[in-house]
Every structure is written in structure tokens, then in C-alpha cells.
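Reader: Please take me through this model, one close look at a time. Start with a charged side chain and work outward from there.

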Amino acid sequence: MATETGETALQSTNAVKAALLPELGVMLRVFWTSSIRTKFALLATAIVLVVAMTAYGQIKLNEWNQPFYDALARKDWQEFLNQLFRFAKIAVALLILNVAQVWLNQTIKIKLREGLVLDLVGEWLKPGRAFRLSTLPIGINPDQRLHEDARHLTELSTDLGIGLLQASILLLSFVSVLWALSSGFVLHVGSTTLAIPGYLVWAAVFYAGSASLLSYLVGRRLVGLNAERYGCEADLRYGLMRVSEHIDAITLANGEPDEKRRINIDLAKVLGAMRSLAWGQTRLTWVTAGYGWIALVAPIGAAAPAYFSGSLSFGGLMVTVGAFNQVQSSLRWFIDNFSVIADWRATLLRISSFRRAVAQDDEARDGVNRIQLAQGEPGHYRMNRLTVFVADGSTRLREESAAIAAGEKVAIVGERRSGKTLLFRALAGLWSWGSGQVTRPKDETIMYMPRAPYLPPGSLREVLAYPAPVSSFKADAYEMALKEVGLAGLLPALDEARRWDRELNDDDQQALAFARLILQKPAWIIMDEVLDSVSGEPHRRLERILREDLKQSGVIHIGRSEGHEKVFTKTFHLTFARRTSEPSGEQHITQAG
């Protein structure tokens, strides 16, 4: 188990290394085309100015060290008070700048998250795209990427970006100060005298450089370990959500022990990834903490020869120590943030790979063996030589040409496991693998009804009007629609927001879906085994609605043949052929139900 985990982490690390620049480019293009670009540019300019002013204030504070400590060494009370007053002015200015930097930091996080999530959701929820991605590994647990990963990436990017900016400006500011302070340093080694220009600068570079190299060698596996952990966390979260959504069926089947076993397996993977990550961070802490403790005395040790030789006063020593600390602290930015950078790179990979998959969805659909969707004259729906590829074969219409006129009610019938649901998805444009052509009437509304109706959260009016606004229909039209489907008892709750998908039984949910049809009166309705899911009086009521309330609507019902003779005047047939050879392009098919 440990070997497999290590190999997975190493593979993830290599993948992140190879993909860092192109994946970073993907995200930069997202923000460049985002609606927040102008506001973000203004905020970025403001943070650069604030950080630059803060660096200038810190230079002045470092310069203040010399007269202050020299006054202490001389026991000059008046100069001591003057320097305290000077310190107060510098401190107040730095305090204001610090507060401004915190506000800008938080505001940039908000704007980055706004731009990223709006872009991801907008691309993900383009018609049919979310469904197509759900059939691919990259489309598993999109909620984790859109919510937690997006939040984490924007927060880490802001903190790391501002931290790197601050470290860079401080480095540029204090390198010249430190170089000037050490320009006259002379080292005495035995009888040899050495004059090294910028001696303390080179000492700081060597100190921070060695620490950075060692940190990288010790902590490079953290990137892969973080990526592995986020994948395991997403699987656990999905498992918990799945149990929560289907708890009634699980309880009825006494399936709690089995679900507990599955969740425990996912939890064990998360804990295993966390343990590997904890060991990796522990090893890295030996380096970062060790160099951190040495940093307390390293600048004094580097400047001590000049101080004891009399080249530096006590105040000058403190100025030198302050400048050395600023330079080596800026150079140590990579060391101090290595584990955070590893976390950031893993999160960037998850988000950018998802964004790339979303953007490339249209490209993936190009090629041979695709069902062609076309627009034709209003009032006519046609299917010509239609074949749908499924996981283990293909399903096709026995009739080479099927034409349906406005208002006609037709049935497409097939046996069990003959690909009826995939045909339904093909007619909706969600499943493109196959051949033939579907010609849909131009500028006419088509509503698609899956076997289990979708009831969005909200009031009954919102459920009935979905996806249109409630104001699109007259107030009394909602009441009439509910009465027509036998749900008059829900009229008092018409404006109450509830989880209707949990409060209503299956028959009432299907009736509510038909009430939506009565309200919206689409020109065409395509159903996936909807009438097969009800029986008795509810079935007779739905048949009556199709014949009378929706008599102007063309209806295509995909399902079984028996029991619907009173509704449908024309029947087409599905035939299934098991695959004997793999057609070109069919290798991309995954089993999607």
C-alpha cells in the first residue's frame, strides 16, 4: 500500500512539473478575459504601491536603528527621546499601510474567486456540456473543484502572490543597503587580510540559497501528496453526499452496514494520504525550522568580525543585522512557503485541468461517427438513418426515416437494455456518438422529460416555471395547472419554498412535471419512459392530459409498447445489435447509463 501511494505521488509530482507553465497559462487567460479584469488591475496596482511604500518605511525604520542604539550606548537621554518620537511617526505610517494591505489582500481574494467561479460555472453549464463531462473521469465531483478547490486556489494565489511581491521589493530595496554597509568590511584570517565587496550580500545569498536547495530536495514530493489528498477528499465527500441523497432507499434495504463499509474505505484513503503528507511536512520542518533558528544569530555572526575590529558601532551593527535579515528573509521566501507552494501547485493542477477539459469539450466532439443535429422547417421533426452507439453495441431505428408532424403523438418502443435512454439523450443532443441525422423544427420549443423529473429547490411557482422566471406566466395559470394534474391540495403552498423532491412521492412528482408542461405549453415534448413509470389512475390522468391539455404539442415517447394505445397514433421501433467490430470513434464511448 505504501509503495503504491509513493508511486502515485511521484507520478502526480511529475505531472504537475510538466504541466505547471501551460496550466498556469490557462488560468491567466481566464482572468485576462474575465469581467473582473479592470477591477483586478486597479487592485493589483494599489497593492504594488502599498507594498513599495511599506518597503520604503521599513528602510527608514532600519536606518532609525543606528541613532537609537547609539543614543542608548552613549546614554544620551535627549537623543533617545527624539528617536522615540521619530519611531512613533514611522510606526504609525507603517500601521496604516499594513491595514491597507490586509484590506487589499482580502478584496483581491474576493475578486479572484468571483472571476474564477463565474468563468468555471459559465463554461461548465453551457448546454449539454456538464452532462458530457460527467461521463469522463475529469467530470467526477465537479462541486469539489467549483467550490472548495476554487476557493483554496484564489486564497493561496493571493497570499503567495502578495508575499512574493513583498519579498521581491524588500530584496531590491535592502540589497543595495546591505552592499553599502558591507563595502568596507575587512576580514582578518590569521595574518591574511581579505576585503570582499558586498560581503554580507554574498553571505545572505549563500545562507538562503543552501536552505532553498535543501528544502526543495526534502519537500518536492509534497506536490504529489497534496494532489492525492484532494482527490481522496473529493471521493469521501461524494460518498457522504450520495448516502445523504439516497438515505431512504438505503434504510429500506437495510444497507447501512454496506454504506458504512464504503465510507470507511474512502476515509481510510483520506487518512492514508494525510499521514503521508504529515510525514512529508515533518521532514521539511527539520529544514525550515532549523534554518529559522540559525537565522537568529547568522547575521550577527556574519557582521561580528567588523564589529569587534572597531569598523562598526553598536548602532551600525543593528542596522547591518536588520538589513541582513531583510535580505535573507526575502531570499528565504521559497523556503518558508514551500509547503504552501506545493499545496498551491496541486490545487492549480486540479482547477486548470478541469477548466481545460471544459474548454476542449467542443473539440472532443468533432470527428467521424457523430449524430448530426440540424434545424428544419417548423412543425416537423425528422430522424433519418439514426443509429446510437452504446457501450456494447448499437441501437437504431428500424425505420430508416421517421417523420413527426406538429401535434402528433408517437411512440418509439424497444426491449429492455436496448439503449432507450441513450436514444433519448441523443435526441436531446447530450449523446453524440452514433450516425444519422436528427432534424429539429427551427425556433420551436422542445421540452425533455427524463424518467425521474427534476424539481429545483424553491417555491412551487418556481418549480413550475423552471427554467423561466415566475413572472413569465399569469398567476392563475399556476393554479389551473395544479388542478389539472390532481394536485389542488398543494395550492395553499404555492409560494412556499421547500425540498419538493423529498416531500412528494414519485407519482406526485411526475404529476408536477406534467403541470409544468401544461403551464409552459411547449411545441414538442420528448419523454424517456415517463408513462412506463406510473400506473392506474395517475397513468390514465397523464394520458388524458396528453390528449386534451397538450393536444397542440408534438410528443415523442421512448419506452415500452404496452398500455399506451389510447395516446399514440404512430409507432417506431428500436433494434439492438451487439458489437462485432469497433467503429471508428466508438472507442471514446463510456457507459453513461
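Author: Arginine 151 is partly exposed, with a relative accessible area of 22%. Keep in mind that this is a predicted model. Arginine 151 forms a salt bridge with glutamate 148. The closest N and O atoms of that pair are 2.3 Å apart. Glutamate 148 is also partly exposed, at 28% relative accessibility. Why do glutamate 148 and arginine 151 lie about one helical turn apart? They are three residues apart in helix H5, residues 142-181, so about one helical turn separates them. The general rule fits here: an α-helix has 3.6 residues a turn, so residues three or four places apart point the same way. Side chains of opposite charge can pair when their charged atoms come close.

That bridge belongs to a wider set. The count comes to 24 salt bridges. One of them joins glutamate 377 and arginine 382, at 3.6 Å from N to O. Glutamate 377 is partly exposed, with 44% relative accessibility. Arginine 382 is partly exposed too, at 28%. Another links aspartate 549 to arginine 544, at 3.5 Å from N to O. Aspartate 549 has a relative accessible area of 25%, so it counts as partly exposed. Arginine 544 is partly exposed as well, at 24%.

Some charged residues join into a network. Lys420, Arg451, Asp528 and Glu529 are linked by salt bridges. Lys420 takes us to helix H15, as one of its buried residues. H15 covers residues 420-427, and eight of its eight residues are buried. Among them are Thr421, Leu422, Leu423 and Phe424, along with Arg425. Just after H15, glycine 429 takes a positive phi of about 85°.

Next comes a pair of tryptophans. The structure holds 10 aromatic pairs. Tryptophan 431 and tryptophan 433 form one that is edge-to-face. Their centres are 4.9 Å apart, with 65° between the planes. Tryptophan 431 counts as buried, at 1% relative accessibility. Tryptophan 433 also counts as buried, at 12%. A second edge-to-face pair is made by phenylalanine 473 and tyrosine 478. Their centres are 6.3 Å apart and their planes stand at 90°. Tyrosine 478 is buried, with a relative accessible area of 1%.

Back to tryptophan 433. Its place is the loop between H15 and E8. Its C-alpha atom lies 6.3 Å from that of valine 388, though the two are 45 residues apart along the chain.

Now follow the chain into strand E8, residues 434-441. Which strands pair with E8? Strand E3, residues 372-376, pairs with E8 in the parallel sense over five bridges. Strand E4, residues 380-390, runs antiparallel to E8, and five bridges join them. Glutamine 437 in E8 takes part on both sides. Glutamine 372 stands opposite glutamine 437. Asparagine 384 stands opposite glutamine 437 too.

A few backbone turns deserve a look. Most residues other than glycine have a negative phi, and most peptide bonds are trans. Lysine 521 departs from that, with a positive phi near 45°. Lysine 521 sits in the loop between helix H19 (506-520) and strand E10 (524-528). The peptide bond from tyrosine 466 to proline 467 is cis, with omega near 5°. Proline 467 is found in the loop between helix H16 (460-465) and helix H17 (475-484).

Lysine 75 is another case, with a positive phi near 60°. It lies in the loop between helix H2 (37-74) and helix H3 (77-124). Is lysine 75 buried or exposed? Lysine 75 is exposed, with a relative accessible area of 76%. The helix before it can be checked by length. At 1.5 Å a residue, the 38 residues of H2 should span 56 Å, and the end C-alpha atoms are 56 Å apart, which agrees.

Rings gather around this loop. Ring pairs link Trp64, Phe68, Tyr69, Trp77, Phe80 and Phe87 into a cluster. Tryptophan 77 lies in H3. Tryptophan 77 is exposed, with a relative accessible area of 59%. Trp77 also joins Leu81 and Leu84 in a nonpolar surface patch of about 300 Å².

Key: Residues numbered from 1 in each chain as written. Predicted model: local features only at pLDDT ≥ 70, side-chain atom pairs only at ≥ 80, totals over all residues. Heavy atoms only, no water. Pairing = 2+ DSSP bridges. Helix = DSSP H or I, 4+ residues; strand = E, 2+ residues; numbered from the N terminus. Buried < 20%, exposed > 50% of the residue type's maximum accessible area, 1.4 Å probe, protein only. Phe/Tyr/Trp six-rings, centres within 6.5 Å; stacked < 30°, edge-to-face > 60°. Expected span 1.5 Å × (residues − 1). Patch = residues over 30% accessible without salt bridge, like charges linked within 9 Å, V, L, I, M, F, W, Y side chains within 5 Å. Areas by Shrake-Rupley, 256 points an atom, 1.4 Å probe, with all protein chains shown as cover. Salt bridge = Lys/Arg side-chain N within 4 Å of Asp/Glu carboxyl O.
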